[in-house]
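Got the viewer open and the selection box ready? Here's a short tour, stop by stop.

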Amino acid sequence: MERELERDAAGFVGQVFCSGEAAYCEARRRPARHYAARFAAKEAVFKALALESGDMAAWRQVEIKSPGAGSRRVVLHGRLRELAERRGVRRVWLSMTHTRSHAAAGVVLES
């Protein structure tokens, strides 16, 4: 993630992350770690919904919100929200973590 941010931070962040996600990450001491965890969370959502992650338009349709006190929640927008609703998804449960060198996330769809 650090290499990608060094290569083209504005372009990459603008394609993949919502403005609130970028603001959250940029306010942290090591933004790349937080971007990486959110990237992993978005991929986990794609996998849970059985989507391909190569559709760049879909990246910003998954938003990881940080309402406070360490909690995180997934908000789906646009066609991904519609797809989830058609599939009976009522809630998206998210767990994510990061270390200095790794980021991981898991998602469970509740219907």
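Let's start with a cut-off: a disulfide here is a pair of cysteine sulfur atoms within 2.5 Å. By that test the structure holds zero disulfides. Before you click on, note that this is a predicted model, where local features need pLDDT of at least 70, side-chain atom pairs count only at pLDDT 80 or more, and totals for chains, interfaces and linings use all residues. Residues are numbered from 1 along each chain as its sequence is written, and side-chain values use heavy atoms, with hydrogens and water left out.

**Stop 1: the cysteines**

Select Cys-18 and look for the closest cysteine sulfur: it belongs to Cys-25 and is 11 Å away, too far for a bond. Cys-18 counts as buried at 10% relative accessibility, and Cys-25 is buried too, with a relative accessible area of 0%. (Buried means under 20% relative accessible area, exposed over 50%, and partly exposed in between, using a 1.4 Å probe and protein chains only.)

**Stop 2: the aromatics**

Now show the rings. The structure holds five aromatic pairs. For a pair, rings of Phe, Tyr and Trp (its six-membered ring) must have centres within 6.5 Å; planes under 30 degrees apart are stacked, over 60 edge-to-face, and the rest tilted.

Pick Phe-17 and Tyr-35: their ring centres are 4.9 Å apart and their planes at 55°, so this pair is tilted. Phe-17 is in the loop between helix H1 (2-16) and helix H2 (19-26), while Tyr-35 is in helix H3 (residues 31-48), so the pair ties together parts 18 residues apart in sequence. (Helices, H or I with at least four residues, and strands, E with at least two, are DSSP runs numbered from the N terminus.) Phe-17 is buried at a relative accessible area of 1%, and Tyr-35 is buried, also listed at 1%.

Next, select Phe-46 and Trp-59. Their centres sit 4.9 Å apart with the planes at 80°, so call this one edge-to-face. Phe-46 belongs to helix H3 and Trp-59 to helix H4 (residues 56-59), so this pair links parts 13 residues apart in sequence. Phe-46 is buried at 1%, and Trp-59 is buried at 4%.

To see the whole group, add Phe-12 and Phe-39: together with Phe-17, Tyr-35, Phe-46 and Trp-59 they form one aromatic cluster.

**Stop 3: H2 against H3**

Two packed helices are described by the angle between their axes and the distance between the axes. H2 and H3 pack at about 145°, with axes 8 Å apart. (Axes are lines fitted to C-alpha atoms, for helices over the stretch in contact, and angles run from 0 to 180 degrees between N-to-C directions.) Select Glu-21, Ala-22, Tyr-24, Cys-25 and Glu-26 on H2, then Pro-31, His-34, Tyr-35, Arg-38 and Lys-42 on H3, to show the contact, meaning heavy atoms within 4.5 Å.

Zoom in on His-34 in helix H3. His-34 counts as buried at 16% and touches Tyr-24, Cys-25, Arg-28 and His-98, leaving out residues up to four places away in sequence.

**Stop 4: charges over rings**

Arg-28 has its charged end over the ring of Tyr-24, 3.8 Å from the centre. Then jump to Arg-91, which lies over the face of Trp-93 at 3.6 Å from the ring centre. (The criterion: NZ of Lys or CZ of Arg within 6 Å of the ring centre and within 35 degrees of the ring normal.)

**Last stop: Ala-50**

Where is Ala-50? In the loop between H3 and H4. Its phi is near 60°, a positive value in a residue other than glycine, and Ala-50 counts as exposed at 64% relative accessibility.
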